[in-house]
Amino acid sequence: MSRLKILGIDEKKCIKCEDCILSCSPRLFQVIKNKKMEKKIIFDDRFHRCFRCGHCLTICPVDAILYEGSEPPELFNEAKHPEKILSFDDLMKLIRSRKSIRVFKEDPVPKEKIEAILEAMRYSPSASNRQNREYIVITDKEKIASLSNDVGSMMLKLGKLLKFKYLLAPFVTGVLRRRLLSPRTKYSLDMYVERTKKGDDLMLFKAPCVIILHAPQYSRMSAADAGIAITHGMFAALSLGLGTCWIGFAHEYLSRFKKARRKLGIPKRNDVFGVFIVGYPDLEFLGGAPRRPLKVQWME
Ligand SMILES: Cc1cc2nc3c(=O)[nH]c(=O)nc-3n(C[C@H](O)[C@H](O)[C@H](O)COP(=O)(O)O)c2cc1C
């Protein structure tokens, strides 16, 4: 995988504005003076602390930062005032229009749109800018149906276990125990079996596209990184006329079963951190759904 590496500063181009110094969180740029007491900016990363955020590349007004191993930064005027790209009201409308979509048209999602979604995910932040996320995109109808079936089999196994709930209950505690004994669990499982028999897909909702995010389990931040990437992808999809839904069941299934990960070609070192479906919604919502009031502790 190519990685950005900052090599230094092109002295001929540098206008010594010092913006690179301010933009660099580990402070790897500094001002030095030569024998003639002339100011010079240098990049010194002897302890390899650069986390390749690329901020210096997008702040230098004269393209003086020397680098390798990466695409060039994308410079555009609006970046100076992102608030002018989209008003808060419009952003809130977009945020409130996003819904988990579980009813899709049969139309496939064009590959360019899937690529655009992945591109939005590529630009999401990650802890220490590790960007260690990998994706699997499934658009093959049979493969999606097979995955849905596999995920559903987890529910069926759970259903079988329920028959022994009174025997199992003494060995489990907390939420698991409550779920095991709750009539709601039995009802949901019965409903699942009944509707699946009728041809409904309650796992992946016959979506035409499934995106799986997997990554090395490098830190406690991996799940947060994945959540942000998927959120980026969901909003990108929304802006392209597509609907999405995070599928926790598929996520759970792929996280739990090594065999299932192997079937999808997910490397041994990787875990699954999120699964979402994409497609053209076959229903139109009229507005934003209500949410609970905020719980905030202000410390002013
Ligand atoms: C982490 C996560 C896991 C989810 N898993 C599922 C799932 O397995 N199946 C499903 O139908 N919806 C799933 N959802 C969708 C939630 O039910 C949905 O986001 C929530 O009800 C709020 O509705 P909204 O997304 O339309 O605003 C999941 C959402 C999240 C964030």
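**Worked exercises on a three-domain chain**

The centres of domain 1 and domain 3, taken over C-alpha atoms, lie 58 Å apart. This is a predicted model, where local features need pLDDT of at least 70, side-chain atom pairs count only at pLDDT 80 or more, and totals for chains, interfaces and linings use all residues. Numbering starts from 1 along each chain as its sequence is written.

**Exercise 1.** Which residues make up domain 1, domain 2 and domain 3?

*Solution.* Start with domain 1, which covers 5-78. Domain 2 comes in two pieces, 92-141 and 203-279. Domain 3 takes 149-197. These bounds come from an automatic or database domain assignment.

**Exercise 2.** Work out how S2 and S3 pair, and what the turn holds.

*Solution.* First, find S2 (residues 29-33) and S3 (residues 39-43); strands are DSSP runs of E, at least two residues, numbered from the N terminus. Next, the pairing: antiparallel, over five bridges, where DSSP must find at least two bridges for a pair. Ile32 sits opposite Lys40 in S3. Finally, five residues separate the strands of this hairpin, and Met37 in the turn has a positive phi of about 65°.

**Exercise 3.** Which residues surround the ligand, and how do they split by class?

*Solution.* Take C-beta atoms, placed from the backbone, within 6 Å of the ligand. That gives Lys99, Ser100, Arg102, Cys245, Trp246, Ile247, Gly248, Phe249 and Ala289. Then sort them: five nonpolar, two polar and two charged. Here Ala, Val, Leu, Ile, Met, Phe, Trp, Tyr, Cys and Pro count as nonpolar, Asp, Glu, Lys and Arg as charged, and the others, Gly among them, as polar.

Terms used
Helices (H or I, at least four residues) and strands (E, at least two) are DSSP runs, numbered from the N terminus.
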